[in-house]
Amino acid sequence: MSGLYDYLRETRNNTPFVPELEKLSFIHMLLNAGYGGMDQDLPISNNAIPVTFANYSIIRDLILQHKSYELPVVYVSLHWENYIVSPHKLARILQGIAHVMYETTYLISKELQRDTNGSHPHTGAIGLYCSDYTQMYQPKNYESPDVFSKQLYYAIHQHYLMNFRLLCNETWAGLQNTILQRHAERLANEKQKTENEMEQYINDFDKEIEGYKKALDDMYRKVQALSIENTQLRNNQTQHLEGRPVLLQGREQDLYAGEIQDYVCDILRTELVHAIDNTRRRDVLASLVEANPTTYPHKKKQEEVKNTLRTYTGMTPTIRRRLEDIGFSIDSTSPPHKITFKGDTRYTFALSKSPSDARGNKNAANKIITLFL
(Lines give C-alpha, C1' and ligand atoms only; values in the text may rest on other atoms or scores of the structure.)
Protein backbone atom coordinates (compact mmCIF):
# COMPACT_ATOMS: atom_id res chain seq x y z
CA MET A 1 0.00 0.00 0.00
CA SER A 2 2.81 2.39 0.86
CA GLY A 3 4.56 1.66 -2.47
CA LEU A 4 1.37 2.37 -4.41
CA TYR A 5 0.94 5.63 -2.48
CA ASP A 6 4.51 6.73 -3.32
CA TYR A 7 4.01 5.75 -6.97
CA LEU A 8 0.88 7.81 -7.30
CA ARG A 9 2.66 10.84 -5.86
CA GLU A 10 5.77 10.60 -8.09
CA THR A 11 6.15 12.81 -11.16
CA ARG A 12 8.23 12.38 -14.24
CA ASN A 13 9.85 15.80 -13.86
CA ASN A 14 13.63 15.40 -13.47
CA THR A 15 14.54 19.08 -13.35
CA PRO A 16 18.37 19.14 -12.98
CA PHE A 17 18.50 22.56 -11.36
CA VAL A 18 16.49 24.22 -8.66
CA PRO A 19 16.67 28.02 -8.75
CA GLU A 20 17.57 29.81 -5.58
CA LEU A 21 14.41 30.43 -3.53
CA GLU A 22 13.36 33.36 -1.46
CA LYS A 23 13.34 33.01 2.31
CA LEU A 24 10.37 30.85 3.32
CA SER A 25 8.80 33.43 5.59
CA PHE A 26 5.42 31.70 5.65
CA ILE A 27 6.96 28.37 6.66
CA HIS A 28 9.12 30.17 9.24
CA MET A 29 6.03 31.88 10.67
CA LEU A 30 4.10 28.60 10.90
CA LEU A 31 6.95 26.77 12.60
CA ASN A 32 7.57 29.56 15.09
CA ALA A 33 3.86 29.56 15.91
CA GLY A 34 4.05 25.86 16.78
CA TYR A 35 2.07 24.52 13.79
CA GLY A 36 4.82 22.23 12.52
CA GLY A 37 3.13 19.09 13.81
CA MET A 38 4.88 15.76 14.25
CA ASP A 39 6.55 13.42 11.78
CA GLN A 40 6.09 10.24 13.83
CA ASP A 41 8.27 10.91 16.89
CA LEU A 42 10.17 13.89 15.41
CA PRO A 43 8.78 17.44 15.53
CA ILE A 44 8.73 19.42 12.27
CA SER A 45 10.57 22.60 13.22
CA ASN A 46 13.45 24.92 12.38
CA ASN A 47 15.49 23.73 15.38
CA ALA A 48 18.19 21.08 15.28
CA ILE A 49 17.58 18.00 17.43
CA PRO A 50 20.45 16.80 19.66
CA VAL A 51 21.16 13.07 19.59
CA THR A 52 21.68 11.61 23.05
CA PHE A 53 21.45 8.11 24.40
CA ALA A 54 17.78 8.80 25.13
CA ASN A 55 16.90 9.08 21.40
CA TYR A 56 19.95 7.21 20.06
CA SER A 57 17.79 4.47 18.51
CA ILE A 58 16.34 6.95 15.96
CA ILE A 59 19.62 7.64 14.16
CA ARG A 60 20.77 4.03 14.51
CA ASP A 61 17.60 2.69 12.85
CA LEU A 62 17.84 5.33 10.11
CA ILE A 63 21.39 4.29 9.23
CA LEU A 64 20.40 0.62 9.24
CA GLN A 65 17.31 1.50 7.11
CA HIS A 66 15.03 0.02 9.73
CA LYS A 67 13.10 3.26 9.98
CA SER A 68 12.13 6.20 7.77
CA TYR A 69 10.21 9.45 8.04
CA GLU A 70 8.03 11.49 5.70
CA LEU A 71 10.71 14.21 5.66
CA PRO A 72 14.40 13.48 5.03
CA VAL A 73 16.69 13.39 8.05
CA VAL A 74 20.10 15.12 8.03
CA TYR A 75 22.64 13.88 10.59
CA VAL A 76 25.63 16.12 11.48
CA SER A 77 28.61 14.48 13.20
CA LEU A 78 31.28 16.08 15.38
CA HIS A 79 34.66 17.15 14.03
CA TRP A 80 37.20 17.71 16.80
CA GLU A 81 34.61 18.76 19.36
CA ASN A 82 32.99 21.11 16.82
CA TYR A 83 30.98 21.06 13.61
CA ILE A 84 32.12 21.94 10.12
CA VAL A 85 28.56 23.05 9.36
CA SER A 86 26.48 24.49 12.20
CA PRO A 87 23.51 22.13 12.72
CA HIS A 88 21.41 25.01 14.05
CA LYS A 89 22.04 27.20 10.99
CA LEU A 90 21.44 24.20 8.73
CA ALA A 91 18.10 23.55 10.50
CA ARG A 92 16.99 27.11 9.75
CA ILE A 93 17.96 26.71 6.08
CA LEU A 94 16.16 23.36 5.75
CA GLN A 95 13.15 24.38 7.82
CA GLY A 96 10.03 22.52 6.80
CA ILE A 97 11.74 20.23 4.26
CA ALA A 98 14.06 18.12 6.46
CA HIS A 99 14.85 17.20 10.06
CA VAL A 100 18.34 18.09 11.31
CA MET A 101 19.89 15.98 14.06
CA TYR A 102 23.40 16.36 15.42
CA GLU A 103 25.88 14.32 17.43
CA THR A 104 26.43 15.62 20.97
CA THR A 105 29.35 13.42 22.08
CA TYR A 106 31.91 11.07 20.56
CA LEU A 107 30.42 8.31 22.71
CA ILE A 108 27.44 8.36 20.34
CA SER A 109 29.81 7.88 17.40
CA LYS A 110 31.48 4.90 19.11
CA GLU A 111 28.10 3.34 19.79
CA LEU A 112 27.05 3.84 16.16
CA GLN A 113 30.31 2.37 14.89
CA ARG A 114 29.59 -0.78 16.84
CA ASP A 115 25.89 -1.04 15.94
CA THR A 116 26.16 -0.09 12.22
CA ASN A 117 29.53 -1.72 11.37
CA GLY A 118 31.09 1.67 10.70
CA SER A 119 28.50 2.84 8.14
CA HIS A 120 27.65 5.92 10.17
CA PRO A 121 28.76 9.52 9.46
CA HIS A 122 31.72 10.48 11.64
CA THR A 123 34.54 13.03 12.03
CA GLY A 124 32.54 15.86 10.48
CA ALA A 125 30.65 13.87 7.82
CA ILE A 126 26.96 14.51 7.23
CA GLY A 127 24.40 11.85 6.32
CA LEU A 128 21.15 12.39 4.41
CA TYR A 129 18.50 9.73 5.00
CA CYS A 130 15.32 9.60 2.90
CA SER A 131 12.73 6.83 2.72
CA ASP A 132 14.44 5.32 -0.38
CA TYR A 133 17.66 7.26 -0.61
CA THR A 134 20.82 7.62 1.49
CA GLN A 135 23.76 9.91 0.81
CA MET A 136 26.96 10.68 2.73
CA TYR A 137 28.60 14.11 2.44
CA GLN A 138 32.01 15.53 3.45
CA PRO A 139 31.44 19.27 4.03
CA LYS A 140 35.21 19.89 4.20
CA ASN A 141 35.41 19.11 0.47
CA TYR A 142 33.20 22.13 -0.33
CA GLU A 143 34.31 25.69 -0.74
CA SER A 144 32.54 26.83 2.43
CA PRO A 145 29.80 25.68 4.85
CA ASP A 146 27.37 28.05 3.09
CA VAL A 147 28.10 26.48 -0.29
CA PHE A 148 27.58 23.01 1.17
CA SER A 149 24.33 24.03 2.85
CA LYS A 150 23.01 25.41 -0.44
CA GLN A 151 24.00 22.24 -2.32
CA LEU A 152 22.34 20.07 0.33
CA TYR A 153 19.22 22.22 0.07
CA TYR A 154 19.21 21.71 -3.72
CA ALA A 155 19.79 17.96 -3.34
CA ILE A 156 16.80 17.57 -1.04
CA HIS A 157 14.67 19.62 -3.44
CA GLN A 158 15.86 17.60 -6.42
CA HIS A 159 15.39 14.14 -4.96
CA TYR A 160 12.63 14.55 -2.41
CA LEU A 161 10.46 17.57 -3.13
CA MET A 162 10.62 17.85 -6.94
CA ASN A 163 9.71 14.18 -7.38
CA PHE A 164 6.46 14.42 -5.46
CA ARG A 165 3.13 15.69 -6.68
CA LEU A 166 1.40 17.92 -4.17
CA LEU A 167 -1.64 16.39 -2.56
CA CYS A 168 -4.85 18.36 -2.31
CA ASN A 169 -4.29 19.33 1.31
CA GLU A 170 -0.75 20.50 0.44
CA THR A 171 -1.99 23.26 -1.89
CA TRP A 172 -3.36 26.69 -1.04
CA ALA A 173 -6.78 25.72 -2.40
CA GLY A 174 -6.64 22.52 -0.37
CA LEU A 175 -5.68 24.49 2.75
CA GLN A 176 -8.60 26.86 2.20
CA ASN A 177 -10.90 23.90 1.72
CA THR A 178 -9.63 22.36 4.96
CA ILE A 179 -10.22 25.66 6.79
CA LEU A 180 -13.78 25.79 5.42
CA GLN A 181 -14.39 22.18 6.43
CA ARG A 182 -13.13 22.83 9.97
CA HIS A 183 -15.26 25.96 10.17
CA ALA A 184 -18.30 23.96 9.07
CA GLU A 185 -17.47 21.26 11.64
CA ARG A 186 -17.10 23.90 14.34
CA LEU A 187 -20.47 25.40 13.44
CA ALA A 188 -22.05 21.94 13.44
CA ASN A 189 -20.50 21.23 16.86
CA GLU A 190 -21.74 24.56 18.21
CA LYS A 191 -25.22 23.82 16.80
CA GLN A 192 -25.20 20.39 18.46
CA LYS A 193 -23.93 21.91 21.70
CA THR A 194 -26.69 24.55 21.62
CA GLU A 195 -29.32 21.88 20.97
CA ASN A 196 -27.96 19.78 23.84
CA GLU A 197 -27.97 22.80 26.18
CA MET A 198 -31.54 23.65 25.13
CA GLU A 199 -32.65 20.07 25.72
CA GLN A 200 -30.94 20.09 29.11
CA TYR A 201 -32.60 23.41 29.95
CA ILE A 202 -36.02 22.02 29.02
CA ASN A 203 -35.39 18.89 31.10
CA ASP A 204 -34.25 20.99 34.07
CA PHE A 205 -37.29 23.25 33.67
CA ASP A 206 -39.62 20.24 33.61
CA LYS A 207 -37.95 18.86 36.74
CA GLU A 208 -38.29 22.24 38.44
CA ILE A 209 -42.00 22.37 37.55
CA GLU A 210 -42.44 18.85 38.92
CA GLY A 211 -40.65 19.95 42.09
CA TYR A 212 -42.99 22.92 42.46
CA LYS A 213 -46.01 20.67 41.92
CA LYS A 214 -44.76 18.26 44.58
CA ALA A 215 -44.04 21.13 47.00
CA LEU A 216 -47.52 22.53 46.33
CA ASP A 217 -49.08 19.13 47.03
CA ASP A 218 -47.07 18.83 50.24
CA MET A 219 -48.16 22.30 51.33
CA TYR A 220 -51.78 21.47 50.52
CA ARG A 221 -51.57 18.34 52.67
CA LYS A 222 -49.96 20.35 55.47
CA VAL A 223 -52.75 22.95 55.26
CA GLN A 224 -55.31 20.19 55.51
CA ALA A 225 -53.50 18.69 58.51
CA LEU A 226 -53.23 22.09 60.18
CA SER A 227 -56.90 22.76 59.52
CA ILE A 228 -57.80 19.49 61.21
CA GLU A 229 -55.45 20.30 64.10
CA ASN A 230 -56.91 23.80 64.39
CA THR A 231 -60.40 22.36 64.57
CA GLN A 232 -59.29 19.96 67.29
CA LEU A 233 -57.62 22.80 69.23
CA ARG A 234 -60.78 24.90 69.02
CA ASN A 235 -62.79 21.98 70.30
CA ASN A 236 -60.32 21.44 73.13
CA GLN A 237 -60.32 25.17 73.93
CA THR A 238 -64.11 25.14 74.05
CA GLN A 239 -63.99 22.19 76.40
CA HIS A 240 -61.41 23.95 78.61
CA LEU A 241 -63.46 27.12 78.72
CA GLU A 242 -66.50 25.14 79.66
CA GLY A 243 -64.45 23.49 82.41
CA ARG A 244 -62.91 26.82 83.51
CA PRO A 245 -59.10 26.53 82.86
CA VAL A 246 -56.77 27.56 85.69
CA LEU A 247 -55.41 30.60 83.77
CA LEU A 248 -56.49 32.59 80.71
CA GLN A 249 -53.74 34.18 78.63
CA GLY A 250 -55.10 37.71 78.66
CA ARG A 251 -54.30 40.46 76.13
CA GLU A 252 -50.50 40.05 76.05
CA GLN A 253 -49.06 37.82 73.33
CA ASP A 254 -45.76 35.90 73.41
CA LEU A 255 -42.85 37.91 72.03
CA TYR A 256 -41.02 34.60 71.60
CA ALA A 257 -42.09 30.97 71.98
CA GLY A 258 -43.13 30.06 75.55
CA GLU A 259 -42.47 33.56 77.00
CA ILE A 260 -45.67 33.97 79.06
CA GLN A 261 -45.72 30.37 80.24
CA ASP A 262 -42.04 30.77 81.19
CA TYR A 263 -42.83 33.80 83.38
CA VAL A 264 -45.78 32.04 85.02
CA CYS A 265 -43.74 28.92 85.72
CA ASP A 266 -40.90 31.03 87.13
CA ILE A 267 -43.34 32.76 89.49
CA LEU A 268 -44.84 29.41 90.53
CA ARG A 269 -41.41 27.97 91.31
CA THR A 270 -40.44 31.08 93.29
CA GLU A 271 -43.66 30.85 95.31
CA LEU A 272 -43.11 27.12 95.79
CA VAL A 273 -39.74 27.77 97.39
CA HIS A 274 -41.31 30.10 99.95
CA ALA A 275 -44.41 27.98 100.61
CA ILE A 276 -44.74 26.25 104.01
CA ASP A 277 -44.47 22.47 103.95
CA ASN A 278 -47.55 20.32 104.47
CA THR A 279 -49.94 23.10 103.41
CA ARG A 280 -52.57 23.22 100.72
CA ARG A 281 -50.80 26.20 99.12
CA ARG A 282 -47.57 24.23 98.68
CA ASP A 283 -49.36 21.14 97.30
CA VAL A 284 -51.26 23.19 94.71
CA LEU A 285 -48.12 25.06 93.67
CA ALA A 286 -46.16 21.80 93.40
CA SER A 287 -48.94 20.27 91.28
CA LEU A 288 -48.95 23.26 88.89
CA VAL A 289 -45.13 23.29 88.57
CA GLU A 290 -45.12 19.58 87.80
CA ALA A 291 -47.89 19.91 85.21
CA ASN A 292 -46.29 22.90 83.43
CA PRO A 293 -42.60 22.21 82.68
CA THR A 294 -40.49 24.91 81.01
CA THR A 295 -36.98 25.22 79.58
CA TYR A 296 -36.63 28.79 80.91
CA PRO A 297 -35.85 30.49 77.58
CA HIS A 298 -35.83 33.91 79.23
CA LYS A 299 -32.94 32.85 81.50
CA LYS A 300 -30.95 31.79 78.44
CA LYS A 301 -31.57 35.18 76.87
CA GLN A 302 -30.48 36.86 80.10
CA GLU A 303 -27.15 35.01 80.01
CA GLU A 304 -26.68 35.93 76.36
CA VAL A 305 -27.21 39.63 77.18
CA LYS A 306 -24.66 39.47 80.03
CA ASN A 307 -22.06 37.69 77.87
CA THR A 308 -22.57 40.11 74.98
CA LEU A 309 -22.22 43.30 77.03
CA ARG A 310 -19.43 42.06 79.33
CA THR A 311 -16.73 43.38 76.94
CA TYR A 312 -18.83 46.19 75.40
CA THR A 313 -16.69 49.16 74.33
CA GLY A 314 -18.90 50.35 71.52
CA MET A 315 -21.46 49.02 69.06
CA THR A 316 -19.24 46.79 66.94
CA PRO A 317 -20.75 44.68 64.12
CA THR A 318 -20.26 41.54 66.23
CA ILE A 319 -22.10 42.93 69.30
CA ARG A 320 -24.87 44.34 67.09
CA ARG A 321 -25.33 40.95 65.42
CA ARG A 322 -25.44 39.12 68.77
CA LEU A 323 -28.04 41.52 70.21
CA GLU A 324 -30.13 41.20 67.06
CA ASP A 325 -29.91 37.39 67.27
CA ILE A 326 -31.35 37.60 70.82
CA GLY A 327 -34.28 39.68 69.47
CA PHE A 328 -33.27 43.31 69.99
CA SER A 329 -33.61 46.12 67.47
CA ILE A 330 -30.98 48.88 67.60
CA ASP A 331 -31.47 52.47 66.39
CA SER A 332 -28.12 54.31 66.30
CA THR A 333 -29.32 57.58 64.76
CA SER A 334 -29.38 59.43 68.13
CA PRO A 335 -26.36 59.91 70.47
CA PRO A 336 -27.28 56.89 72.65
CA HIS A 337 -28.28 53.62 70.96
CA LYS A 338 -32.05 53.15 71.26
CA ILE A 339 -32.83 49.48 71.98
CA THR A 340 -36.24 47.78 71.69
CA PHE A 341 -37.19 44.10 71.94
CA LYS A 342 -39.15 42.10 69.34
CA GLY A 343 -40.59 45.29 67.84
CA ASP A 344 -42.48 46.25 71.04
CA THR A 345 -41.85 50.01 71.30
CA ARG A 346 -43.53 50.30 74.72
CA TYR A 347 -40.18 49.42 76.29
CA THR A 348 -36.95 51.15 75.21
CA PHE A 349 -33.47 51.41 76.65
CA ALA A 350 -30.78 53.97 75.88
CA LEU A 351 -27.35 52.29 75.61
CA SER A 352 -24.35 54.60 75.73
CA LYS A 353 -22.19 54.73 72.62
CA SER A 354 -19.03 55.08 74.75
CA PRO A 355 -19.38 53.14 78.04
CA SER A 356 -17.24 54.07 81.04
CA ASP A 357 -16.09 50.74 82.48
CA ALA A 358 -16.97 47.09 83.16
CA ARG A 359 -19.27 48.07 86.03
CA GLY A 360 -21.23 50.29 83.69
CA ASN A 361 -21.56 47.37 81.23
CA LYS A 362 -22.87 45.14 84.03
CA ASN A 363 -25.40 47.76 85.11
CA ALA A 364 -26.57 48.22 81.51
CA ALA A 365 -27.00 44.42 81.13
CA ASN A 366 -29.03 44.23 84.35
CA LYS A 367 -31.28 47.11 83.30
CA ILE A 368 -31.91 45.50 79.91
CA ILE A 369 -32.73 42.19 81.58
CA THR A 370 -35.08 43.88 84.06
CA LEU A 371 -36.84 45.89 81.34
CA PHE A 372 -37.20 43.28 78.63
CA LEU A 373 -36.60 39.80 80.12
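**Note on surface patches, cysteines and backbone details**

1. Met198, with a relative accessible area of 47%, counts as partly exposed, and this residue lies in helix α7. The structure discussed here is a predicted model, and the points below should be read with that in mind.

2. Met198 belongs to a nonpolar patch on the surface, which is formed together with Tyr201, Ile202, Phe205, Ile209 and Tyr212. Taken together, these residues have about 630 Å² of accessible area. Membership in such a patch requires over 30% relative accessible area, and the 47% computed for Met198 is in keeping with that requirement.

3. A second patch, this one negative, is formed on the surface by Asp204, Asp206, Glu208 and Glu210. Among them, Glu208 has its place in helix α7, which covers residues 172-242, and Met198 of the nonpolar patch lies in helix α7 as well. Glu208 is partly exposed, because its relative accessible area of 40% falls between the 20% limit for buried residues and the 50% limit for exposed ones.

4. How many disulfides does the structure hold? The count is 0, and for a reader interested in the cysteines it may be useful to add the accessibility of two of them. Cys130 counts as buried at 12% relative accessibility, and Cys265 is likewise buried, with a value of 4%; both assignments follow because buried means under 20% relative accessible area.

5. Two residues deserve a look at the backbone. Glu81, although not a glycine, has a positive phi of about 60°; this residue sits in the loop between β4 (73-76) and α4 (87-93) and is exposed, with a relative accessible area of 61%. Thr123, which is also not a glycine, has a positive phi of about 50°, and its place is in the loop between α5 (106-116) and β6 (126-129). With a relative accessible area of 44%, Thr123 is partly exposed.

6. Two further pairs show residues separated along the chain, for which the C-alpha distance can be stated. Pro50, found in strand β3 (residues 49-51) and partly exposed at 34% relative accessibility, has its C-alpha atom 6.4 Å from that of Glu103, although 53 residues separate the two along the chain. Lys367, in helix α12 (residues 358-372), counts as exposed at 53% relative accessibility, and its C-alpha atom is separated by 8.2 Å from that of Phe349, which is 18 residues apart from Lys367 along the chain.

How values were computed
Residues numbered from 1 in each chain as written. Predicted model: local features only at pLDDT ≥ 70, side-chain atom pairs only at ≥ 80, totals over all residues. Heavy atoms only, no water. Patch = residues over 30% accessible without salt bridge, like charges linked within 9 Å, V, L, I, M, F, W, Y side chains within 5 Å. Areas by Shrake-Rupley, 256 points an atom, 1.4 Å probe, with all protein chains shown as cover. Salt bridge = Lys/Arg side-chain N within 4 Å of Asp/Glu carboxyl O. Lys, Arg positive; Asp, Glu negative; His and termini not counted. Charge placed at Lys NZ, Arg CZ, Asp CG, Glu CD. Helix = DSSP H or I, 4+ residues; strand = E, 2+ residues; numbered from the N terminus. Buried < 20%, exposed > 50% of the residue type's maximum accessible area, 1.4 Å probe, protein only. Disulfide = S-S within 2.5 Å.
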